[in-house]
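Reader: Please take a close look at the cysteines in this model. I would like the bonding and the burial treated together, with the cut-offs stated.

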Amino acid sequence: MSGITLPDPEYLLKYGDPRMEKYPFMKSPITTFCLVAVYLLFVKVIGPLWMKKRSPYEIRKFMIVYNLFTSALNAWAFSHLAFRWLTKYRLRCEPIDFSDNEDALKVVQVCWVFFFSKFLEFADTIFAVLRKKSNQVSKLHVFHHSIAPCTIWYAVKYGPGGYNTSLMMLNSFVHIWMYLYYGLAAVGPKIQKYLWWKKYITVLQLIQFVISMVFWTQVYFFPPEYCQATTLLFGVNMFLSVTFFVLFINFYISTYKKRKGN
C-alpha cells in the first residue's frame, strides 16, 4: 500500500498551512509568479538591451559581500534543519508538526527563509547580465532560478516541516559551498588559483538529488499512518529532484567530460 495520502484538495488549494499566512508572499502564488516573470523579462529583454551599448559594470566588491552573505544564510538554514534531522526526526520519514509549539514554529520560519532566499538568488543572473557574462546565463541557469521559487512556494505553503525539509536541508548544504566558492572567486586571481574544487560543487549537487530521489521513493511506499505524506509534496519534491538531476548530469558531462576528451 502506498504511503501517499491526499488531504481534501479543496482545503489544500484554499488554505494550505495557516501558520504561513503571516509571512510575506505566502497567501497566494501570484506574487511569486509575477516576480519570476519580472526576472525573466529583465534577463531576456531589459538587461541585454540596457547593456548593449554599455561597458560591463564593475561590481566585484558587491559580489563578494552578496555571495558570502548567501553562503552564511544557507549555513544558518542548514544548521537548524540538520540539527532536527540528526537529533529529533526519524530518518526514514518524519511527519510534519502542524502545531504552534516553539520548535515547530521555528522550522516554519526556517522554511520561509529558505523560500525567500530563492528571490535573493536572482542576483546571480542579474550580476552576469550587468557584467556582460552571457556564457553564465545558460538555459539551465535561468530555468533553475525561475522554477525554484514557484515549486518551493508550494512545498513551504503546504508542508513547512518534517519530511518535507529533506531537500531543503540538502540544498542549503550545497549552497553553502557554492556561494562560498563564488565569493572567494570574486576576490580575484590571487584566490582563484586555489579554488580547484569548482567541478565538485556540481558533483555535490548531483549527490543531493540522488539522495532526495531515494528518500522520496521510499516515502512513497511507507505506511500512510507512519509518515502522513501527501501526493502534492511528493510530486513537488520528486519533480525537482528528477528534473534537476537530469539537467545537472547533462551539464556535468558537457562541461567536464567533453572538455577532458578534447
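Author: What follows deals with the cysteines, then with two annotated segments. This is a predicted model, in which local features need pLDDT of at least 70 and side-chain atom pairs count only at pLDDT 80 or more, while totals for chains, interfaces and linings use all residues. Residues are numbered from 1 along each chain as its sequence is written, and side-chain values use heavy atoms, with hydrogens and water left out.

The structure holds one disulfide, a term for a pair of cysteine sulfur atoms within 2.5 Å. Its partners are C93 and C227, with sulfur atoms 1.6 Å apart. C93 lies in the loop between α3 (60-87) and α4 (102-120) and C227 in helix α10 (residues 224-227), so the bond ties together parts 134 residues apart in sequence. Helices here are DSSP runs of H or I with at least four residues, numbered from the N terminus. C93 and C227 are both buried, where buried means under 20% relative accessible area, exposed over 50%, and partly exposed in between (1.4 Å probe, protein chains only).

The sulfur of C34 is too far for a bond, because the closest cysteine sulfur, in C150, is 10 Å away. C34 is partly exposed, at a relative accessible area of 44%. C111 is in no disulfide either, and the nearest cysteine sulfur, that of C93, is 14 Å away. C111 has 1% relative accessibility and so counts as buried.

The unreviewed UniProt entry annotates "transmembrane region" at several stretches, including 107-130 and 200-221; such annotations may be inferred rather than shown by experiment. Residues 107-130 are 96% helix and 0% strand, with end C-alpha atoms 36 Å apart. For residues 200-221, the figures are 95% helix, 0% strand and 32 Å.

Notes:
Helices (H or I, at least four residues) and strands (E, at least two) are DSSP runs, numbered from the N terminus.
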